[in-house]
Each structure stands twice: as structure tokens, then as C-alpha cells.
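Please look over the sequence and the model below before reading on. The notes that come after them are meant for someone meeting this structure for the first time.

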Protein chains: 4
Amino acid sequence: MKKNRKVIITCAVTGAMHTPTMSDALPFTPEDIAQQSVDAAEAGASIIHLHARNPETGEPTGDPKVYEQFLPAINERTDAVINLTTGGSPTMTVEERLWAAMEVKPEMCSLNMGSLNFAMFPLADRYKSWKYSWEEPYVRNSDDFIFRNTFRDIEKIMNIMGEHGTKFEHECYDVGHLYNLAYFADRGLIKPPFFIQTIFGIMGGIGADEDNLMFMRKTADKLFGDDYHWSVLAAGKNQMPFSTHAALMGGNVRVGLEDSLFIGRGELATSNAQQVSKIKRILSEFSLEIATPEEARQILNLKGQDKVSF
Amino acid sequence: MKKNRKVIITCAVTGAMHTPTMSDALPFTPEDIAQQSVDAAEAGASIIHLHARNPETGEPTGDPKVYEQFLPAINERTDAVINLTTGGSPTMTVEERLWAAMEVKPEMCSLNMGSLNFAMFPLADRYKSWKYSWEEPYVRNSDDFIFRNTFRDIEKIMNIMGEHGTKFEHECYDVGHLYNLAYFADRGLIKPPFFIQTIFGIMGGIGADEDNLMFMRKTADKLFGDDYHWSVLAAGKNQMPFSTHAALMGGNVRVGLEDSLFIGRGELATSNAQQVSKIKRILSEFSLEIATPEEARQILNLKGQDKVSF
Amino acid sequence: MKKNRKVIITCAVTGAMHTPTMSDALPFTPEDIAQQSVDAAEAGASIIHLHARNPETGEPTGDPKVYEQFLPAINERTDAVINLTTGGSPTMTVEERLWAAMEVKPEMCSLNMGSLNFAMFPLADRYKSWKYSWEEPYVRNSDDFIFRNTFRDIEKIMNIMGEHGTKFEHECYDVGHLYNLAYFADRGLIKPPFFIQTIFGIMGGIGADEDNLMFMRKTADKLFGDDYHWSVLAAGKNQMPFSTHAALMGGNVRVGLEDSLFIGRGELATSNAQQVSKIKRILSEFSLEIATPEEARQILNLKGQDKVSF
Amino acid sequence: MKKNRKVIITCAVTGAMHTPTMSDALPFTPEDIAQQSVDAAEAGASIIHLHARNPETGEPTGDPKVYEQFLPAINERTDAVINLTTGGSPTMTVEERLWAAMEVKPEMCSLNMGSLNFAMFPLADRYKSWKYSWEEPYVRNSDDFIFRNTFRDIEKIMNIMGEHGTKFEHECYDVGHLYNLAYFADRGLIKPPFFIQTIFGIMGGIGADEDNLMFMRKTADKLFGDDYHWSVLAAGKNQMPFSTHAALMGGNVRVGLEDSLFIGRGELATSNAQQVSKIKRILSEFSLEIATPEEARQILNLKGQDKVSF
Ligand SMILES: [Zn+2]
Ligand SMILES: [Zn+2]
Ligand SMILES: [Zn+2]
Ligand SMILES: [Zn+2]
């Protein structure tokens with residue numbers, strides 16, 4: 001792992017896993033997504049990771065027209081790096097998932113490094129009623145979801161987005177995904193420094209135990225040496241503890257309502273910015289400094305805010 | 001992990017990953033599958049793990065009629081436990097994969113504990129010509145394979161085969177698969193002792209490094225305590241070293257041409273029995289004893305050879 | 001490991017490793033030791049770990065008469081658990097080290113679980129002048145120190161202090177020390193729950209890397225199952241990060257000027273209480289609650305403040 | 001770790017831990033030590049690690065005159081590397097321990113990388129009578145032994161033996177010892193490649209669990225990168241399993257009656273050569289080749305058999 005002098009905070013503002021019923025704070029209108037993104041950047045996030053949602057119902061969408069309703073607004077008001085999903089939602093095809101990123105040519109996009117079951121169905125029983133009709137079947141049917149990312153899919157995304165100079169947040173949900181990444185690195189399809197997002201606690205992926213955090217890190221060290229920057233996200237209640245562990249070990253962190261709706265034990269967060277502020281406050285207890293967007297661009301070797309298509 | 005006094009050797013006779021071009025020793029006619037199974041049992045294997053193949057071309061098939069051409073012959077000539085795949089091949093639907101096991105009601109069947117990419121495409125360039133026309137596209141297109149095993153699929157297999165009293169070889173290709181297994185164990189859908197086959201070196205799954213061997217074992221210990229028997233298979237050249245590591249740590253082993261075509265560095269095995277003999281000889285150097293089929297039945301709590309439908 | 005609902009904070013007020021020259025805040029007069037102990041307890045420490053020092057020069061001493069100058073004062077003003085060293089300083093004999101604890105019969109005493117080199121000589125070059133003449137040779141000659149704790153010594157301390165109903169803080173500086181503890185636990189010389197203090201970053205012991213933190217924890221889990229409470233101290237700059245890691249994993253923490261003289265990067269702490277307040281503030285970010293002295297007594301099964309001889 | 005093409009087998013012929021009562025095969029006369037050394041070399045050992053014993057009673061001795069009774073005889077009859085202990089026995093002073101090595105100026109000598117308890121007292125109750133009067137107290141009093149190797153001692157041995165061009169077998173009994181070695185490596189007192197002997201299962205040191213084997217290896221990788229060759233010895237019944245694990249992971253092995261008196265479960269070895277033959281036979285099952293003495297000299301960068309003083 002390449003040790004940073006400064007910690008990069010990514011904020012994943014809305015994602016595709018949570019649904020409007022689960023938290024009133026989860027943004028889905030373009031206005032709310034833009035506002036929460038700007039607030040998160042002002043609170044200290046140097047990278048904003050974004051999905052789009054249907055402005056009326058909050059249902060995940062890959063439609064570039066929806067992205068266009070909030071991306072320019074964010075870009076005008078902050079200098080944070082914009083990082084677009086290519087994971088979309090488990091129900092989209094790979095083509096739908098790539099659509100917006102191909103149009104928008106962002107500085108970064110996510111790239112999921114393998115196929116896996118990706119489930120949240122046990123959550124469904126917590127809710128008696130749902131705000132929108134798509135939500136309950138979406139959550140319940142996740143027992144049959146496969147989050148599809150074959151070797152061919154990954155290679156395709158690397159080629160298409162690589163041509164646009166977009167760099168990747170390599171999302172790794174299990175140990176094998178790091179080996180998949182090593183396969184592509186060895187073939188030279190991607191160039192270091194790699195930005196590896198190790199993900200813990202998704203049902204279907206590696207669990208949120210500290211042993212696993214350490215093991216993913218050690219495996220990445222073995223496979224990539226100093227050629228990567230390490231970032232960590234953990235789902236739900238493990239978000240802040242895992243971010244803290246990672247930062248104390250020289251890594252970077254991801255927070256945001258995509259990954260957890262909470263701010264403390266049993267307490268829903270009121271905004272993305274609240275989570276960013278909290279992790280920043282914790283890091284300051286350890287004399288850890290936060291990277292600015294410009295510093296994040298340098299660390300990750302990004303093409304620059306002026307090279308995107310929005 | 002439950003420590004055995006004796007080591008259970010599983011032999012996976014033909015599988016669905018290798019193709020006839022890769023080794024003349026790979027059995028695919030019913031006669032050859034039966035003969036190699038019997039020989040492997042006589043050499044020391046107490047469990048025979050079986051797939052079926054088209055008798056003319058060696059292409060993987062799920063057709064129970066093909067299984068019927070070799071299963072009775074094996075059963076008559078050995079008392080080894082017969083363990084049927086429910087993984088089939090990456091190109092079959094889950095229904096096709098279950099078909100034979102539902103008919104045959106074996107003492108054991110495999111149960112793959114999660115979805116993952118499952119690829120062998122880099123092997124294709126080693127072969128200039130192919131014996132059968134299905135082989136090359138089968139191998140090359142594996143860059144787009146997902147080995148499908150959703151939570152819903154797994155639950156279905158547990159329910160259907162559980163009703164037949166069939167026990168599972170839980171195939172775990174990565175750390176998350178152990179968590180998936182824990183999810184079902186916690187719900188009580190399966191009962192200990194679990195027979196966990198940890199698998200190393202499949203492209204798409206966890207790599208064949210000894211760190212990983214140890215970590216899968218420690219993770220299983222954490223999740224299942226003494227409620228499981230541990231078995232190990234590693235693909236290709238790591239087959240014998242990983243089997244040896246596992247047995248020295250109190251685990252069980254799987255060998256066979258499904259997992260590796262080799263017997264030594266660069267040397268193709270001439271039969272499944274040759275691999276069984278080799279691991280048996282190695283284990284005897286460490287005063288480790290081999291379980292008989294009857295001992296394996298007791299250790300794994302199987303229903304007995306007289307309760308199957310063939 | 002036994003998971004606590006609440007975190008026990010131990011404060012090690014003065015120790016024997018640091019010398020007066022290194023920090024003006026390091027207490028060595030009986031009045032200062034008493035005052036800082038009381039302040040640390042009020043800030044949230046439920047256990048106060050104590051050594052004595054020569055009231056004039058700050059040199060470590062095992063003399064019970066010196067302990068008597070501050071122990072009653074602390075006992076009157078707080079209900080914190082008093083934990084006496086039996087490690088003394090590297091230059092004392094085992095008899096000198098035990099002397100005070102035998103007289104005082106505290107609720108807890110430390111018990112070092114093996115012999116090791118224990119060195120701080122590289123620190124000496126940081127100081128141009130020294131407040132007291134004993135300091136420089138004490139620090140420089142530590143290149144030839146062995147911290148003596150043979151199996152015979154340990155057994156003796158277990159027997160003598162065990163008769164007084166004193167429970168142990170088992171100080172483990174390396175992996176082998178956990179095995180030594182297991183040897184005595186297996187013989188039944190000590191009874192669970194054990195309070196295991198794993199120590200990181202002493203020159204001669206295991207280093208302060210997070211891998212080691214995790215490995216000591218996993219080793220203790222393997223050897224003691226749920227029969228122990230885990231506590232962590234790391235020397236110097238790793239004090240707060242390691243305490244935080246441990247608490248996030250269900251462990252307890254030790255802070256105090258014995259272990260680190262610092263409060264932030266390059267900034268000396270002004271008191272023991274300042275370190276206690278800091279770790280308490282960090283823990284509260286994660287909704288972790290602090291054990292009161294009474295709760296600590298219950299968790300660790302201590303004899304009670306009224307059963308000591310001072 | 002530097003991966004060898006070939007495996008170096010060290011044979012530790014007699015040591016100082018076992019006593020004549022424990023096995024008739026343990027050599028202690030100069031003739032027997034010489035003969036078993038030569039036989040071990042012929043069986044495949046490229047390094048012979050030697051201690052001396054009183055020719056009449058088998059009691060460990062550091063007397064160079066005793067070494068002179070067998071060293072030349074070995075040197076004449078084999079080209080194996082001679083590696084002299086500087087650990088001597090737990091009852092010798094550091095001066096006594098160094099005495100012979102200083103005279104003899106061997107190609108290699110052992111260098112123990114830290115102080116620790118080193119005990120075998122629980123063995124004493126296995127024997128009802130003893131061949132020699134020194135044996136029983138020697139074994140029983142090991143509950144109070146410290147194997148002394150302070151930083152100052154280690155530096156002294158590095159300086160003295162380094163001047164003679166002697167290279168070290170760095171004996172590491174616990175994780176901290178690797179950190180101690182790193183301290184000296186960082187100061188430049190020793191030059192790579194380092195030959196690190198990690199030792200498992202000595203009472204007082206790290207236990208003989210495979211987790212520990214892996215962790216010592218990973219720690220050495222972290223601290224020394226490719227600057228070291230790894231060798232493994234485990235005491236007693238773990239000798240062959242741990243040697244096998246190590247060799248399968250690219251390491252080297254040490255066998256011999258110093259470390260284990262056994263050849264199989266409950267069966268005493270009849271000679272050192274028998275153990276060498278056994279590990280060689282096991283390694284050949286995995287297509288692993290054995291280094292000749294000349295190859296070992298090249299791998300470890302030794303001064304040559306003609307540069308010693310005997
Ligand atoms: Zn996302
Ligand atoms: Zn199979
Ligand atoms: Zn202390
Ligand atoms: Zn020796």
C-alpha cells in the first residue's frame with residue numbers, strides 16, 4: 001500500500017441499495033442529490049461517488065438525462081472529484097450501467113471486480129409499509145440477484161472508460177476480486193496507482209470482521225506492493241469503525257448514505273455531510289489530515305475537473 | 001474444525017472444467033468413469049465425486065440417463081460414498097444441474113455456496129488443435145461465465161436434497177461463501193456436522209496461496225467452531241501441496257482429475273487412482289491414517305449406501 | 001475473548017521506563033502520583049496501575065514505605081481499582097518487585113508472562129542533559145537488560161498473590177507469553193476470567209503493527225476462548241490508535257504516562273487525566289460506554305476495595 | 001523471502017536440550033558426533049549445526065578442545081557447511097558460548113535473536129531413572145532458565161564473528177526476535193541475505209501452530225522483503241510437518257536430533273541421517289530438489305570451507 005500523508009474521504013451520496021422508505025435523508029431528487037453532494041464536499045469529502053435515481057420514486061436509473069440534472073450543479077459549486085458508478089443497480093444490464101459514464105466521461109468511475117450474490121432481502125421485514133411500490137419487490141427479490149461483473153465485462157469497461165482517461169475506484173467485495181484485479185494489472189490493461197475500495201459486510205461478499213479488513217489489506221499488499229491506494233467502506237453499523245481502522249493504518253475512507261444510513265447506534269443520519277463531518281472529527285483526534293480535492297487528484301493521478309463532459 | 005482421527009480422501013473423477021484435449025486420462029465414457037472411480041476407491045478414496053459427460057464427445061451433461069450408465073456399476077463394485085455434483089457445468093441452468101441428483105438421491109451432493117466468475121479461458125492458448133468442436137468455445141467463452149448460485153438457488157437445493165436425506169459437500173470458493181453458509185446454518189436449514197470443501201486457485205475465486213488456505217480455515221473456525229469437517233482442494237499444480245498442508249492441520253483432502261490433470265511438475269497423471277495413491281503415500285509419511293468409506297459415513301453422518309435410488 | 005458491554009480504561013500513571021527528564025508531567029513524588037491518579041480516575045479510568053519512585057529523584061523503587069505514601073491517599077479519594085506492578089523495574093530482583101504487592105495485597109497486580117529483552121537505549125541520544133544522575137546510565141544500559149520472568153518466578157507470584165485474593169493483569173509482550181499463560185491456565189494455577197494485557201512496541205517485544213495486534217488477539221482466542229478479557233497498550237505514538245482499534249474490536253484499553261508521554265503528534269501530554277479524557281472522547285464517537293470501577297470489579301471478578309491492606 | 005530453486009537441509013546433530021537418557025541415538029562422543037554428521041551430510045544435509053558435549057557424560061560444553069575432537073574429522077570426510085552454535089546451553093555464560101566459535105571461525109554460526117525462557121522441565125517426569133547425574137537437575141531446573149541474548153550480547157557476537165567472515169543462522173523464537181533482527185539490519189551491522197531460522201514449539205517461545213508458522217513468515221516478509229532466506233525448525237513431533245509446510249512455501253528446513261528425537265508417531269529415530277533421508281524423500285514427492293553444500297554456500301554467500309580454522 002502506498003501510504004498517504006493525507007486521507008481521502010469519498011462520500012457515496014445515494015447508491016442503489018437503500019430505498020426511500022429506509023430513511024428520509026436518502027436523497028433521490030436531482031436537487032437533493034446536488035445539495036447533499038455539495039454539503040458533503042464542504043464538510044471534507046474530496047470525492048463524491050454518485051448514482052442516479054428516478055426523481056419521482058427514487059428507483060435507481062442509469063439514464064444519463066437524469067445525471068445531467070445534478071452533475072453540472074455539483075460541478076459548479078464544488079471542486080470535488082466526481083466519481084460515477086458503473087455498478088448501477090443489480091437489476092440493470094451492463095450496457096445500462098455504463099451508459100451515463102460513457103456520456104459524462106468523469107474523472108473517476110467505480111469498477112466492480114467480480115460477480116457475486118448481492119442481497120439485502122433480510123432487511124425487508126423491518127418495514128411494514130413502503131413509500132413506493134417498487135421498493136418491496138426490489139428488496140425481497142435480492143435473494144435471487146447476482147451482481148454481474150464477468151472478466152469480459154470488466155475488460156470492456158476498462159477499455160471504454162480508459163479511452164476517456166477515466167480512472168477507477170476498483171470495488172472489491174471478496175479476496176478473489178483482488179486476484180481478478182491482479183490479472184488485469186498483470187496484463188497491463190490498467191496502470192498504477194490503483195485506487196482499491198475494499199468492501200465489507202455486503203451479504204454475499206466478505207463479512208465485516210476486522211480479521212477480514214486486515215486480510216484484504218495484506219492480500220492487496222502481496223499482489224500490488226506499493227502500487228495502490230487503499231480505501232475502505234463497510235456497510236451499516238461498521239461504517240465508522242472500519243473507516244477509522246483503515247485510516248489509522250494509512251488507508252483512505254468512504255462514508256455516505258449509500259453504505260450506511262446511520263450516524264450512531266440506532267440513530268439515522270440526517271445527511272451525508274453529517275457522516276463526513278463525523279469521520280473528519282475522528283481522524284483529527286489522531287492528527288490525521290484530510291486531502292483536498294486537488295490533493296486527491298494528485299494522489300490518484302486524475303485527469304482534472306476540466307476534462308469531463310458535463 | 002472437528003479434527004478427525006482419520007483423513008477422508010475424496011476423488012473428483014472428471015468434473016466439467018477440463019476437456020478431453022487436455023489429457024487422454026480424463027474419463028468421459030461411462031465405462032471409463034466407472035473404472036476410474038472403482039480404481040480410485042480401491043486406491044484409498046472413500047468418497048467419489050462425480051459429474052456426467054456426453055459419452056461420445058466428453059461434453060458435460062446433466063442428463064440422469066447418462067449417470068445411470070455408470071452409477072450402478074460403481075455401486076456394485078465398491079462401497080465408496082457417491083457424491084453427485086449439483087454444480088454441473090457453468091453453461092447449465094440450475095434446473096439441469098439438479099436433475100440427476102433429484103433422481104438419484106445420493107448420499108452426498110456438492111452445493112456451491114455463492115455466485116462467482118469461473119474462468120479457464122487463459123488455458124485455451126495452450127492447445128493448437130482440439131479433439132471435439134465444443135471444447136474451444138467452451139474454454140474461450142469462460143471469460144463471460146458466471147457460476148450462478150444465488151441465495152434462492154442454494155435454499156432450493158437445500159430443501160429438495162435435504163428431503164432426500166442427502167448431505168452436502170459445501171463448496172466455498174472465497175471468504176464470502178463461508179459467510180453465506182453461516183447464514184443458512186444460522187437459519188437452521190442445514191444441520192452440523194458440515195462438510196466444507198474450501199477451493200483454491202479457480203480463476204474468479206480466492207487464489208492458491210497458503211495465506212488463503214490458512215485464512216479460509218480460520219474463518220470457518222470463527223463461524224462454525226467444531227461444527228464442521230474441513231476439506232481442501234486446489235486447482236492444478238497446487239493440488240498435492242495444498243492437500244498435504246490441509247491434512248497436516250487436521251483436514252481432509254480432495255484429489256482427482258476434475259481439479260488437476262498432473263501428477264508431478266509438468267507430468268500428466270495417467271489416472272485418478274494415481275493421484276489417490278500419491279496423496280495416500282504422502283500422508284503415511286506423517287503417520288496419518290485414511291478413513292474407509294464406512295468411517296467416512298460415520299464421520300459425516302451419511303444415510304448409507306442402501307438409501308440411494310440407483 | 002469475552003466481549004464487554006463496557007470498556008475498562010486502565011491508567012498506568014508513572015511506570016519505570018520513562019525518566020523525569022523526558023517529561024515534566026511524569027509524576028514521581030507521592031503527592032503528584034496520588035493527585036494524577038485521582039484525576040485519572042475522575043476522568044474515566046476504572047483501574048489505576050501503579051509503580052513507586054524515589055520521591056527525590058524519580059528513580060524506580062520497590063519499597064513498600066514509598067507506596068504507603070500515596071496508596072491510602074488515592075484509596076480515600078476514589079473508588080478506582082488499584083493495580084500494583086510486580087514488574088518493578090528491570091534492575092530489581094524478583095523479590096524486590098514482589099515486596100510491596102505482598103504487603104499491600106491489592107485487588108490486582110501485574111504479572112509479566114515471560115522473560116525478554118526490554119530496551120529503551122536508543123532514546124538516550126534525544127536528551128542532551130539529564131535532571132538526575134541515575135537517568136542516563138539507566139536508559140543507556142538497557143541494551144543489556146533482561147526483564148526476568150522465568151516459569152518459576154511466575155509460579156511463585158501466582159501462588160503468593162493468589163493466596164491474597166489478588167487478580168492479575170497478565171502482561172504479554174509477545175506470542176510466546178500467551179502460550180506461557182496457557183501453560184499455567186491448563187495446570188489450574190489461575191482461574192478465568194483472565195485479564196490479558198497485550199503490549200506492543202516495547203523494544204525486545206512484539207512490534208506495534210496492526211497485524212500483530214490482530215494476531216495476539218487471535219492467538220488468545222485460540223488458547224483461551226471466552227475465558228479472557230482483552231486489553232491493549234501500545235508504547236509511544238501508537239497508544240491512542242491501538243487503544244482505539246482494541247476498543248472497536250470489543251477489547252479494553254490502557255493509557256497513561258507509563259506507556260506514552262504524548263497526547264498528539266509531537267506534543268507532550270500535560271497529565272495522565274488528559275490521556276484518559278482523550279480516549280474516552282474517542283470511544284464516545286463510537287457509542288462505546290466506559291465501565292465504572294464497580295463495573296470493572298464485576299467484569300474481572302475482583303475481591304473489592306475493602307479487602308486490601310492499606 | 002527469497003525463493004530458492006533448491007531446498008537447504010540443515011541437520012542439527014546433538015544440541016544441548018536433549019540428554020542421553022532420552023535416546024540412545026543422541027550422539028555425544030566425538031566419534032559418534034563425527035560419524036552421524038558425516039552420515040547426515042551423505043543423506044542430503046548441506047549444513048551441519050553442531051554443539052559439543054562432554055565425551056564421558058554427554059553434558060553440554062563450550063570447550064574448544066572438545067570441538068577439535070570432531071570438527072576436523074567431519075571436514076575431512078564431507079564438504080558440508082559447518083555451523084557452530086553460539087547458543088551453547090542455557091547454563092553457560094555468553095563468553096563460554098562464544099569461545100569455540102571464536103577459535104574455529106566457522107563458515108556459519110547460530111545467533112539467537114533475543115532473550116526468553118527456555119524450558120523442558122515438564123519432560124523430566126517421563127523418565128524414572130537417568131543415565132548420568134547431571135541430567136535430571138539440568139532438565140528440572142529449566143523452569144528457572146533464561147536463555148540470555150541481550151541487545152549488547154547480540155551486537156558483540158555480530159562484531160566478533162563478523163570480523164571472521166562467519167555468517168549467521170539467526171534463530172528467532174518469537175515475533176519480537178524478528179524485530180530485534182530488523183533493528184540490527186537497519187543499523188547495517190549485518191548484511192543480506194539473512195538466513196532466518198524460525199523456531200516453533202520451544203516452551204517459552206512461540207508455539208508450534210501453523211498459524212504461527214505463517215505469521216512468522218509474513219512478519220519476516222514485512223521486515224526484510226526479499227533480503228532473507230527462510231528456514232524452519234519445530235521441536236518434537238512437529239519437526240517433519242513444519243519442515244514440509246515450509247519447503248512447500250519456498251523455505252528451507254532443519255531436522256536433526258537436537259530438535260526432535262523421533263522419526264514417526266511414538267517412534268525414536270535411530271540416527272540423524274534417518275531424519276534427513278525422511279525429509280528428502282517427502283520433498284521429492286513434490287518435485288523439490290535439495291541444495292548441495294556448494295549450492296548452499298552460493299545461496300547464503302558463505303566464505304568457503306577453506307577459510308575456517310580447523
Ligand atoms: Zn455505488
Ligand atoms: Zn465437481
Ligand atoms: Zn507497569
Ligand atoms: Zn543449536
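What follows is a short briefing, grouped by topic.

The structure is a predicted model. The points below take up two zinc sites, the relations between chains, several salt bridges that run from one chain to another, and one helix of chain C.

**Zinc sites**

- The zinc ion (ligand 1) has as its protein donors A:H49 (NE2), A:H51 (NE2) and two OE atoms of A:E258, and these lie 2.1 to 2.7 Å from the ion.
- Around the zinc ion (ligand 1) the 4 donor atoms subtend angles of 51 to 128°, and the arrangement is therefore irregular; to count as tetrahedral, four donors would need all angles to lie between 85 and 135 degrees.
- Along the chain, the donors of the zinc ion (ligand 1) are spaced as H-x1-H-x206-E, and both A:H49 and A:H51 are buried.
- The zinc ion (ligand 4) is coordinated at 2.1 to 2.8 Å by D:H49 (NE2), D:H51 (NE2) and two OE atoms of D:E258, and the angles among its 4 donor atoms, 51 to 128°, make this site irregular.
- For the zinc ion (ligand 4), the spacing of the donors along the chain is H-x1-H-x206-E.
- D:H49 belongs to strand 3 (residues 47-50) of chain D, while D:E258 sits in the loop between strand 13 (252-255) and strand 14 (262-264) of chain D, so the pair ties together parts that are 209 residues apart in sequence.
- D:H49 and D:E258 are both buried.

**Relations between chains**

- Chain A is superposed on chain C by a rotation of 180° with 0.0 Å of shift along the axis, giving an RMSD of 0.0 Å, and this is the relation of a two-fold axis.
- Within chain A, the C-alpha nearest that axis belongs to A:H245, which lies 3.1 Å from it.
- The same surface serves both of these copies, since 100% of the contact residues of chain A recur in chain C.
- Chain B, in turn, can be laid on chain A by a turn of 180° and a shift of 0.0 Å along the axis, with an RMSD of 0.0 Å.
- Among the residues of chain B, B:L116 comes closest to the rotation axis, its C-alpha being 2.6 Å away, and 100% of the contact residues of chain B recur in chain A, with the same surface serving both copies.

**Salt bridges**

- Over all chains, a search of the whole structure finds 96 salt bridges.
- One of them brings together the side chains of A:K218 and C:D211, at 3.1 Å from N to O; A:K218 lies in helix 8 (residues 210-224) of chain A and C:D211 in helix 8 (residues 210-224) of chain C, so the pair joins two chains.
- In this pair, A:K218 counts as partly exposed because its relative accessibility is 25%, whereas C:D211, with a relative accessible area of 11%, is buried.
- The side chains of B:K218 and D:D211 also meet in a salt bridge, 3.1 Å from N to O, and this pair crosses from helix 8 (residues 210-224) of chain B to helix 8 (residues 210-224) of chain D.
- B:K218 is partly exposed at a relative accessible area of 23%, while D:D211 counts as buried at 13% relative accessibility.
- B:R281 forms a salt bridge with D:E285, the closest N and O atoms being 2.6 Å apart, and the pair crosses between chains, from helix 10 (residues 272-285) of chain B to helix 10 (residues 272-285) of chain D.
- Of these two residues, B:R281 is partly exposed, with a relative accessible area of 43%, and D:E285 is buried, with a relative accessible area of 14%.
- Salt bridges that share partners also join A:D143, A:D144, B:R148, B:R152 and B:D153 into one network.

**Helix 11 of chain C**

- Within helix 11 (residues 293-300) of chain C, the residues C:P293, C:A296, C:R297 and C:L300 are buried.
- These residues cover an arc of only 100° around the axis, so they lie on the same side of helix 11 of chain C.
- In an α-helix there are 3.6 residues a turn, so residues three or four places apart point the same way.
- The elements that cover the buried residues of helix 11 of chain C include strand 3 (47-50), strand 6 (81-84), strand 7 (108-112), strand 10 (167-172), strand 11 (194-200) and strand 12 (228-234) of chain C.
- Just after helix 11 of chain C, the residue C:N301 takes a positive phi of about 65°.

Methods
Residues are numbered from 1 along each chain as its sequence is written. Chains are lettered from A and ligands numbered from 1 in the order in which they are written. This is a predicted model: local features need pLDDT of at least 70, side-chain atom pairs count only at pLDDT 80 or more; totals for chains, interfaces and linings use all residues. Side-chain values use heavy atoms; hydrogens and water are left out. Donors are N, O and S atoms within 2.8 Å of the metal (3.2 Å for Na, K and Ca); water is not among the atoms, so sites may look incomplete. Four donors count as tetrahedral if all angles lie between 85 and 135 degrees; four count as square planar and six as octahedral if opposite donors are over 155 degrees apart and all others between 65 and 115; anything else is irregular. Buried means under 20% relative accessible area, exposed over 50%, partly exposed in between (1.4 Å probe, protein chains only). Helices (H or I, at least four residues) and strands (E, at least two) are DSSP runs, numbered from the N terminus. Copies are superposed by least squares on the C-alpha atoms of residues with pLDDT of at least 70 in both. Contact means heavy atoms within 4.5 Å. A salt bridge is a side-chain nitrogen of Lys or Arg within 4 Å of a carboxyl oxygen of Asp or Glu. The arc is that of the directions from the helix axis to the C-beta atoms.
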